[in-house]
Amino acid sequence: MQEQVLTMLAEAGEEGRRYLSGGYIAKELGITRAAVWKYIEAIRADGGIVRAAPRLGYHLVNLDDLLQAGAVSVATSVVGQSYTYLPRVDSTNSEAKRRVRAGCPEGLVVVADNQKAGRGRMGRGWLSVPGKGLYFSVVLFPKHLPMNKVALLTPLTAVAVCRAIIDMTGLPVALKWPNDLFLKGQKVGGILLEAGGEADSVKYAIIGIGINVNLTQDDIPSDLAQIATSLYLSGGSKVARRKLLQKVLSSLDTYYVQSVNEGPESFLSEYRRLCLTLGRPIKFVWQNHTWSGVAQGINDDGGLIVKLDNQETLVLRSGDVHCL
Ligand code: BTN
């Protein structure tokens, strides 16, 4: 019922109605005004700032930043069909994995306001700043994919997230192969894909997405200051986290469903357009050697085709590359 009260306040906010009276909420939901008050208190305890005005009712002040279940709504067919918000967790990917083991449904989204042990690729950590970033994981059961194709979910997600950010903010976000979201030369987000299953079929895939939304310079530790940015730092205005989350989830749903029906070309051509690595001289570490060459293309598996300085051609399936 708390979720329904929150949904009513959120919808009122969306429609530009500032206050909803306790009596109106009570009548709509078939509960007492005392019960409404109890749920308002619970919403507050979860981080909602609810202003109560005599004779007017309740107004949700921080709707733009609320990520609780009742506040976030998506019209999707897979992604977000089940949704969990946690004020804090170790890592949303780890929580999603626990839920997969416990038998969660496909499309589950686990969102956290704060992660105590957020994880990045290659064993790195991920900076999580409460109230200012988006940290979430999506559980998919992509039975149509063999294990050697599951990595395609990374470029699919990268395109979906990139498109959502561009559509909402107009900021020139681009992709650095394979999973980085870049804005004006600095990292603004990343994707961590973890999957399990047999060789011929993927049982589950967990797609973890982290976006630096409203971080200020003070939120970014000095060792990351040169390489990381946020949508706010780069664009100059605050971005509504709730709206961005909704946009990303519906974009991911659209690209995922389309890829199940039409195959990987449905997103790979867009990935190639958004990928700033292509055509650039790069260097990378492979088999304990540092190699350099030019990034020439993305193959059908999402691998990076590199023409090495010694004129040989190599396809990178994962790893880190540095643009020179
Ligand atoms: C990277 O660029 O190295 C990937 C970063 C992925 C971070 C996200 S935040 C939500 C999800 N939970 C995690 O622990 N990691 C991912």
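Me: How many residues surround the ligand, and which are the closest?

Reply: This is a predicted model, in which local features need pLDDT of at least 70 and side-chain atom pairs count only at pLDDT 80 or more, while totals for chains, interfaces and linings use all residues. Residues are numbered from 1 along each chain as its sequence is written, and side-chain values use heavy atoms, with hydrogens and water left out. A residue is near a molecule if one of its heavy atoms lies within 4 Å of it, and here 21 residues surround the ligand, the closest being Ser91, Gln115, Arg119, Arg121 and Lys187.

Me: Which atom of the ligand lies 2.6 Å from a polar side-chain atom of lysine 187?

Reply: A polar contact is a pair of N or O atoms within 3.5 Å, and the partner of lysine 187 is an oxygen atom of the ligand. A ligand nitrogen atom is 2.9 Å from an N or O atom in the side chain of glutamine 115, whereas for arginine 119 a backbone N or O atom lies 2.7 Å from a nitrogen atom of the ligand.

Me: Which residues touch the most other members of the largest nonpolar core?

Reply: In soluble globular proteins, nonpolar side chains tend to be buried together. A nonpolar core is a set of buried (under 20% relative accessible area, 1.4 Å probe, protein chains only) Ala, Val, Leu, Ile, Met, Phe, Trp, Tyr and Cys residues joined through side-chain atoms within 4.5 Å. The largest such core has 63 residues, of which Phe136, Ile211 and Leu231 touch the most other members, and helix 5 (residues 153-169; a DSSP run of H or I, at least four residues, numbered from the N terminus) gives the most to this core, with ten residues.

Technical notes. Buried means under 20% relative accessible area, exposed over 50%, partly exposed in between (1.4 Å probe, protein chains only). Helices (H or I, at least four residues) and strands (E, at least two) are DSSP runs, numbered from the N terminus. A polar contact is a pair of N or O atoms within 3.5 Å; within protein, one must be able to donate a hydrogen and the other to accept it, and residues adjacent in sequence count only if both atoms are side-chain atoms.
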